[in-house]
Amino acid sequence: MEEFDAEIYDIVRQIPPGRVVTYGQLARLAQRPRWARRAGRALANAPEGLPCHRVVNSSGRLAPGWPAQRELLEREGVTFRRNGCVDLSKHLWKEIAPIA
């Protein structure tokens, strides 16, 4: 599991400001497409300074119990839909390639 967590952290470090990825994307990029929940657990234990606020669920919903996440994303120019979810059509990071 430590190796998977390290891969997740490496991917998250690459997300540019103003962009987001989903837990499912993280899992696929780490070559574990069915481990989206495990990716979330890795981020719950992430080292200080990792831009975890740039990770959302597949609908663009924010992490429960983390009200500062929206503020951090808004500071980077991320916009939200009326339902409170990130506008994935504008901010989803698609330029990332799988880890080899």
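Seven salt bridges are counted in this structure, which is a predicted model. They make a good way in.

Start with R38 and D5. Their side chains form a salt bridge, with N and O 3.0 Å apart. R38 sits in helix α3 and D5 in helix α1, so this pair ties together parts that lie 33 residues apart in sequence. Both R38 and D5 are buried.

Now move to helix α4, residues 68-75. R70 pairs with E74 there, and their closest N and O atoms are 3.0 Å apart. The two residues are four apart in α4, about one turn of the helix. R70 has a relative accessible area of 31%, so R70 counts as partly exposed. E74 is also partly exposed, at 41%.

Helix α4 holds another such pair. The side chains of E71 and R75 meet in a salt bridge at 2.5 Å, N to O. Because E71 and R75 are four residues apart in α4, about one helical turn separates them. E71 is partly exposed, at 43% relative accessibility. R75 reaches 61%; exposed means over 50%, so R75 counts as exposed. Elsewhere, salt bridges with shared partners link R81, D87 and K90 into one network.

Next, the nonpolar interior. The largest nonpolar core has 17 residues. Within this core, I8, V12, L26, L43 and V55 touch the most other members. Helices α1 (2-14), α2 (23-29) and α3 each supply at least two of its residues. The largest share, five residues, comes from α1.

L26 shows how this core is put together. Leaving aside neighbours within four places in sequence, L26 is in contact with I8, I11, V12, V21, A39, L43 and V55. A second core, separate from the largest one, has seven residues. Among them are V56, V78, F80 and L88.

Last, the largest pocket. Its volume is about 180 Å³. The lining is made up of 13 residues, and L43, A44, C52, A63 and W66 lie nearest the pocket centre. L43 thus appears twice: it is one of the core residues that touch the most other members, and it is among the residues nearest the pocket centre. Which helix gives the most to the lining? Helix α3, residues 36-44, does, with three residues. By class, the lining has nine nonpolar, three polar and one charged residues.

Helix α3 therefore recurs along this route: R38 in α3 pairs with D5 in α1, α3 supplies at least two residues of the largest core, and α3 gives the most to the pocket lining.

Methods: Residues numbered from 1 in each chain as written. Predicted model: local features only at pLDDT ≥ 70, side-chain atom pairs only at ≥ 80, totals over all residues. Heavy atoms only, no water. 1 Å grid on protein atoms, 1.4 Å probe; cavity = no way out; pocket = protein on both sides within 12 Å on 5 of 7 lines; lining within 4 Å. Points joined across faces, edges and corners; volume = space filled by probe spheres on them. Nonpolar A, V, L, I, M, F, W, Y, C, P; charged D, E, K, R; others polar. Core = buried A, V, L, I, M, F, W, Y, C linked by side-chain atoms within 4.5 Å. Buried < 20%, exposed > 50% of the residue type's maximum accessible area, 1.4 Å probe, protein only. Contact = heavy atoms within 4.5 Å. Salt bridge = Lys/Arg side-chain N within 4 Å of Asp/Glu carboxyl O.
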